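Visitor: I am new to reading protein models, and I would like to be walked through one slowly. Could you show it to me before we begin?

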Amino acid sequence: MDKFRTLFQHFQSSSESVMNGICLLLAMVTVKLYSSFNFNCPCLARYNALYGLGLLFTPPIALFLCGLLANRQSMVMVEEWRRPGGHRRKDPGIIRYLCSSVLQRALAAPLIWILLALLDGKCFVCAFSSSVDPEKFLDFANMTPSQVQLFLAKVPCKEDELVRNSPARKAVSRYLRCLSQAIGWSLALLLIVLAFLARCLRPCFDQTIFLQRRYWSNYVDLEQKLFDETCCEHARDFAHRCVLHFFASMQSEMRARGLRRDSAGRGPETPERPEPPEGLDGGSGKAHLRAISSQEQVDHLLSTWYSSKPPLDLTASSGLWGCGLSHRAPTVVPGTRASPHTDV
Amino acid sequence: MDKFRMIFQFLQSNQESFMNGICGIMALASAQMYSAFDFNCPCLPGYNAAYSAGILLAPPLVLFLLGLVMNNNVSMLAEEWKRPLGRRAKDPAVLRYMFCSMAQRALIAPVVWVAVTLLDGKCFLCAFCTTVPVSLLGNGSLVPGLPQPELARLLARVPCPEIYEGDWLLAREVAVRYLRCISQALGWSFVLLTTLLAFVVRSVRPCFTQAAFLKSKYWSHYIDIERKLFDETCTEHARAFAKVCIQQFFEAMNHDLELGHAHGALATGPTGSAAPAATEGADEEREKLRGITDQGTMNRLLTSWHECKPPLRLGQEEPLVGNGWAGGGPRPSRKEVATYFSKV
C-alpha cells in the first residue's frame with residue numbers, strides 16, 4: 001500500500017507525470033488484454049481476412065479513443081480551440097502543442113497492440129493464408145486449385161481434420177509468421193528511429209517558441225484546474241450560506257409566529273443571530289465570493305469566463321479590460337521587468 | 001517500505017541515477033522479451049540467414065534507440081549543443097561526457113539481448129544450418145550426388161524438427177548440437193569481451209584526465225538540475241499566475257455586481273473590512289510571481305533563458321538586458337569614512 005502511495009505521489013507531481021502514468025497504465029492494460037484474448041480464426045475463405053484484419057485494426061482504434069478520453073488535456077485543448085477570443089488572444093501554436101502532446105500519448109497503446117499482434121503472428125497468418133502463392137511450396141504440386149484454396153483457408157487452424165499434421169500447413173504457417181515478425185520488427189525500428197530523431201532534432205528548431213508554448217500550455221491546463229477548484233469552493237460557500245440563511249429565516253419565522261401566538265410574557269429572547277455574512281466569512285477571507293449570491297449571477301460569471309477570458313496581465317486593474325490586450329509591446333508597463341528586485 | 005521509498009528517492013535524485021534504474025529495468029525487460037518472443041525460423045534456403053540476422057540485429061538497435069529516447073538527457077544535450085552562446089560559454093568536454101554516459105547506459109540492453117540470443121542458440125542454428133560440414137558430421141559420401149539447391153533445401157529444415165526429412169544424410173540432433181555448441185562458445189566470448197572492456201574502461205580512466213573528468217561530471221549534473229529547477233519554477237509561476245488571474249476575475253465580477261446593485265447590506269458595510277483579508281492571500285501568490293505579471297514579460301523571460309543563459313557566477317546583480325559581456329569588472333570599492341566629533 002505504501003509502495004503504491006509513493007508511486008502514486010510521484011506520478012501526481014506534475015500534470016505531465018500524471019499523463020505519462022495514464023499512458024503507461026493503458027499500455028499495460030493493452031498487453032494484458034492481448035495476452036488474455038482468445039484468438040479464434042474462422043478458417044473460412046472469405047471471413048479469414050475480415051477477422052484477421054479486423055482484429056489487427058479495430059482494437060487499436062478503440063484504444064486510441066480511450067487514450068484521448070482518459071487524457072484531460074484533450075478537453076482543455078478543445079476548449080481552448082473553441083472559445084471566443086474575448087480579452088485574451090488565441091495562440092494557435094499552443095493548440096498545436098497540446099494537440100501533438102495528446103496525440104503522442106494516445107498513440108502509444110494502439111501501436112503496442114499492433115506490434116504485439118504482428119510479432120505474435122496469429123492475425124497475419126489468419127488474414128493472409130488464402131493469399132499465399134502455392135508455387136513457393138512444392139507440397140501443393142498435385143492438388144487442384146480449389147483444393148489448394150480450401151487447404152490454405154484452413155492453415156490457421158491447427159486442429160482441423162484436413163490440415164492436421166500436414167507438413168505443407170506447417171511450412172505455410174511458418175512462412176507467414178516469419179513475414180509477420182519481420183514486418184513487426186521493421187515497424188518497431190521505424191517508430192523508434194522517428195521518435196529518436198524527433199527528440200534529438202527538436203532543439204534545433206525554434207527552441208524559444210517551444211519553451212513559450214510549453215509554458216502557456218501548462219498555464220492553460222493549470223488555470224482550468226484552478227478555476228474548477230475555485231468554483232467548487234464558491235459552490236460550497238454558496239450552499240453553506242444558502243442553508244444557514246434558510247435556517248435563520250425559518251427560525252425567525254417560527255419566532256415571529258410564536259411571539260404572535262403567545263403572550264408578551266416571553267420577553268425578549270436571546271438577541272437575534274446576526275446576519276449570516278459575518279458568521280460565514282469570519283475566518284475564511286473569501287470576500288471576493290460574497291457578492292455572487294444568486295443563480296443568475298453565477299450563470300453570468302460562468303458565461304463570462306467562457307466568452308471572454310481575462311487578459312494575461314495582472315497589473316491591469318479590475319474593470320479596465322478594454323485595454324488589456326495581451327499582444328501589446330512588452331515594454332509598455334513599467335516596473336514589470338523580469339528582475340528579482342521588484343518586490344522589496 | 002521505507003527502504004523502497006529510499007531507493008526510489010535515490011534513483012530520482014538526478015537524471016543519471018534515474019537512468020541507471022531505467023537501464024536495469026530495460027535489461028530485465030530485454031531478457032524477458034527474448035523469452036516471450038517466439039522464434040520462428042522459416043526453414044527456407046534464402047530466408048534463414050535474413051531472418052536470423054534480422055532477429056540478431058534489429059531488436060538491439062530498437063533497444064538502444066529506446067534507451068536513448070527515454071533518457072531526457074538527449075534533448076538536454078541537443079539543447080545545450082544548439083543554444084546561442086549568450087553569456088555562458090559552452091564546454092565541449094561537458095557535451096562529450098553527457099553523450100558518453102548516455103551511450104554507455106543505452107548499450108546495456110542490446111548487449112543483454114545479443115548475449116541471450118547467442119547463448120540460447122536458436123538464431124545461430126537458423127542462420128548457419130546450411131553451412132554445416134556434412135562430410136564431418138554425417139554421410140559425407142552422399143553429398144556429391146546431391147545437387148546444391150537440393151542440399152540447401154534439406155539442410156535449411158534442420159531447425160524445424162517436424163518437417164526435417166534429411167535423417168539419411170545427417171542426423172538432426174548432431175547438427176543441432178554442433179551449431180549450438182559454437183553459438184554458446186561465441187556467446188560466452190562475447191560476454192567475456194564486453195565485461196572485460198567495461199572493466200578496463202572503468203579502471204583505466206582515472207589514470208587519464210581525472211581532473212577534467214570531475215569537472216565535466218559536475219557541470220553535466222549542474223545543467224541537468226538547473227533545467228529541472230527551471231521547469232519547476234515555471235510551473236510554480238504558472239500556478240501563481242493562474243490563481244491571481246482567477247482571483248482578480250472574481251473580484252472584478254464582484255465589483256461590477258456591487259456597483260450594479262447599489263442596495264443591500266451584503267454589498268456595502270463589511271466590504272472594506274474584508275478587503276484586507278482577501279489581499280493577504282493574494283499577496284502570498286503575488287510574491288511567487290516574482291514581478292512577472294504579464295504574457296509579454298514571461299515570453300521575454302523564456303526567450304532570454306534560451307538565447308542568453310545567465311553566467312555561472314552568483315552574487316552579482318547584472319541586468320538581464322546587458323551587452324553580452326560575461327566578465328563583470330570589479331565593483332568600485334566603498335570608501336569608509338570615520339568622522340570625529342570633538343567637543344572642544
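Guide: What follows is a short series of questions and answers about this structure.

This is a predicted model, in which local features need pLDDT of at least 70 and side-chain atom pairs count only at pLDDT 80 or more, while totals for chains, interfaces and linings use all residues. Residues are numbered from 1 along each chain as its sequence is written, chains are lettered from A and ligands numbered from 1 in the order in which they are written, and side-chain values use heavy atoms, with hydrogens and water left out.

Visitor: Where is the kink in α3(A) centred?

Guide: Helices here are DSSP runs (H or I, at least four residues), numbered from the N terminus. Helix α3 of chain A covers residues 47-70 and reaches 34 Å from its first C-alpha to its last, close to the 34 Å expected, where the expected span is 1.5 Å times one less than the number of residues. The bend at a residue is the angle between axes fitted to the seven residues ending there and the seven starting there, and in α3(A) the kink of about 35 degrees is centred on A:G54.

Visitor: Is A:W113 buried or exposed, and which backbone oxygen does the side chain of A:W113 reach?

Guide: A:W113 is found in helix α5 of chain A, and A:W113 counts as buried because its relative accessible area is 3%, buried meaning under 20%, exposed over 50% and partly exposed in between, with a 1.4 Å probe and protein chains only. Leaving out residues up to four places away in sequence, A:W113 touches residues including A:L55, A:L56, A:P59, A:P60 and A:L63, contact meaning heavy atoms within 4.5 Å. These five are among the buried residues of α3(A). So A:W113 is buried, at 3%, and its side chain reaches, at 3.2 Å, the backbone oxygen of A:L55.

Visitor: Which helix gives the largest share of the largest nonpolar core?

Guide: A nonpolar core is a set of buried Ala, Val, Leu, Ile, Met, Phe, Trp, Tyr and Cys residues joined through side-chain atoms within 4.5 Å. Of the 38 residues in the largest one, A:W216, A:Y219, B:M298 and B:L302 touch the most other members. Helices of chain A and chain B each supply at least two residues, among them α9 (207-261) of chain A and α13 (295-307) of chain B, but the largest share, 13 residues, comes from α11(B).

Visitor: What relative accessible area does B:T117 have?

Guide: B:T117 lies in helix α6 (residues 108-120) of chain B, and B:T117 touches B:Y34, B:L56 and B:C123, not counting residues up to four places away in sequence. B:T117 is buried, with a relative accessible area of 1%.

Key: A polar contact is a pair of N or O atoms within 3.5 Å; within protein, one must be able to donate a hydrogen and the other to accept it, and residues adjacent in sequence count only if both atoms are side-chain atoms.
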